[in-house]
Amino acid sequence: MAFGIKIVPQNSQGLVETLGKYSHSVESGLHFYIPFIQRIRKVSLAMAPLSLPNYSIITKDNADVSASVTLNYHVTSAVKYQYENTDSVESMAQLVRGHLRDIIGRMDLNEALGSTAKINQELAIAIGDLTNTYGINVDRINIDELTPSKAIQTAMDKQLTADRERVASIAKAEGEAKSIELTTKAKNEAMIATSKAEADSTKIRANAEKYRIDTIQSGLANADDRYFQNQSINAYSDLAKSKSNMVVVPSDNAQTYGQIPGLAKVFKESTKEDKKEKSSEQNEK
């Protein structure tokens with residue numbers, strides 16, 4: 001009887017079928033089978049990636065988002081994978097989509113957009129081990145992207161712009177208020193410093209003037225007649241140097257001034273001049 005030869009590659013498993021019915025499994029290596037009666041199906045046990053295309057999900061607040069999911073899986077039971085499901089990979093993909101819709105459907109849009117790590121964790125727990133059902137185990141699952149619809153994205157952009165403008169307006173108003181506060185504080189401090197300086201200056205001048213007056217009064221209190229006579233002589237000397245014709249004499253011993261020949265002559269000439277001026281004024285009238 002002729003035999004066929006089948007090589008099962010590494011990290012794969014062979015499923016031997018006899019007359020179309022599964023009979024047993026073989027590991028990787030060289031195997032013989034009876035042509036037309038038997039066949040060996042090769043099933044890879046290596047990890048394989050799978051990308052699920054974008055599909056629409058409705059959130060709790062009725063927002064439409066598009067989800068993109070990638071996952072890695074490997075076959076854990078070649079028999080279940082090959083014979084108990086028509087398409088185990090598509091069945092697994094549908095299960096992932098269903099759990100993802102359920103998880104995101106219980107979240108608001110903002111919560112869903114900011115909780116991809118949480119969604120990944122819940123999705124992995126929800127899927128669990130699919131060995132008993134599809135002969136597959138999901139090793140890693142990740143939500144690559146959650147994108148709101150264009151209408152929602154436009155509304156979010158407008159809201160974000162409005163929030164930024166509001167924050168900028170508040171910051172500007174606070175800055176102006178702070179500037180006014182600092183300016184007013186600086187002016188008040190300057191006024192206080194100026195007033196204090198003026199008060200100190202006035203106090204110093206008053207103390208200096210008081211010291212001067214006290215010194216003069218103290219000196220006058222101890223002065224005798226000779227000091228005042230000397231002051232009078234100095235005053236007469238300054239008056240004599242001026243261009244004035246006025247003669248000032250002290251009232252003390254005034255009766256003796258007439259006995260001085262020079263002064264008597266001056267008094268007489270002054271009296272004649274006064275009489276001439278009075279007579280001239282009367283003639284004019």
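These are my notebook entries on the sheet, the nonpolar cores and the salt bridges of a predicted model.

**Entry 1, the sheet.** I began with strand order and found an open sheet of 4 strands, arranged β6-β7-β9-β8 with antiparallel pairing. Its edge strands are β6 (48-58) and β8 (129-130), each of which pairs on one side only. I then looked at how β8 is held to its partner, and found that 2 bridges join β8 to β9 (residues 136-148), the two running antiparallel. On the β8 side of this pairing I noted Leu130, which stands opposite Ile136 in β9.

**Entry 2, helices on the sheet.** Next I looked up which helices touch these strands. Helix α4 (residues 116-127) packs on the sheet with contacts to β8 and β9, and its direction makes about 145 degrees with that of β9. Helix α2 (residues 88-105) lies across β6, β7 (64-75), β8 and β9, and runs at about 40 degrees to β6.

**Entry 3, the cores.** Which residues have the most contacts inside the largest nonpolar core? I found them to be Leu71, Met92 and Leu100, in a core of 31 residues. The elements giving two or more residues to this core are β6, β7, α2, α3 (109-113), α4 and β9, and the largest share, 7 residues, comes from α2. I followed Leu71 further and, leaving aside its neighbours within four places in sequence, listed contacts that include Leu50, Leu52, Met92, Val96, Val138 and Ile141, as well as Arg140. Apart from this core lies another, of 5 residues, among them Val8, Val26, Tyr33 and Ile40.

**Entry 4, salt bridges.** My search of the whole structure gave 7 salt bridges. One of them joins the side chains of Glu17 and Arg41, at 2.4 Å from N to O; this pair links distant parts of the chain, with Glu17 in strand β2 (residues 12-18) and Arg41 in strand β5 (residues 38-44), 24 residues apart. Is Glu17 buried or exposed? With a relative accessible area of 4%, Glu17 is buried, whereas Arg41, at 27%, is partly exposed.

I also looked up Arg97, which forms a salt bridge with Glu90, their closest N and O atoms being 3.8 Å apart. Arg97 counts as buried because its relative accessibility is 16%, under the 20% cut-off, while Glu90 is partly exposed at 33%. Asp102 forms a salt bridge with Arg106, with 3.3 Å between the closest N and O atoms, and Asp102 is partly exposed, at 44%. Finally, I noted that salt bridges sharing partners join Glu17, Arg39 and Arg41 into one network.

Note on methods. Residues are numbered from 1 along each chain as its sequence is written. This is a predicted model: local features need pLDDT of at least 70, side-chain atom pairs count only at pLDDT 80 or more; totals for chains, interfaces and linings use all residues. Side-chain values use heavy atoms; hydrogens and water are left out. Two strands pair if DSSP finds at least two bridges between them. Contact means heavy atoms within 4.5 Å. Axes are lines fitted to C-alpha atoms, for helices over the stretch in contact, and angles run from 0 to 180 degrees between N-to-C directions. A nonpolar core is a set of buried Ala, Val, Leu, Ile, Met, Phe, Trp, Tyr and Cys residues joined through side-chain atoms within 4.5 Å. Buried means under 20% relative accessible area, exposed over 50%, partly exposed in between (1.4 Å probe, protein chains only).
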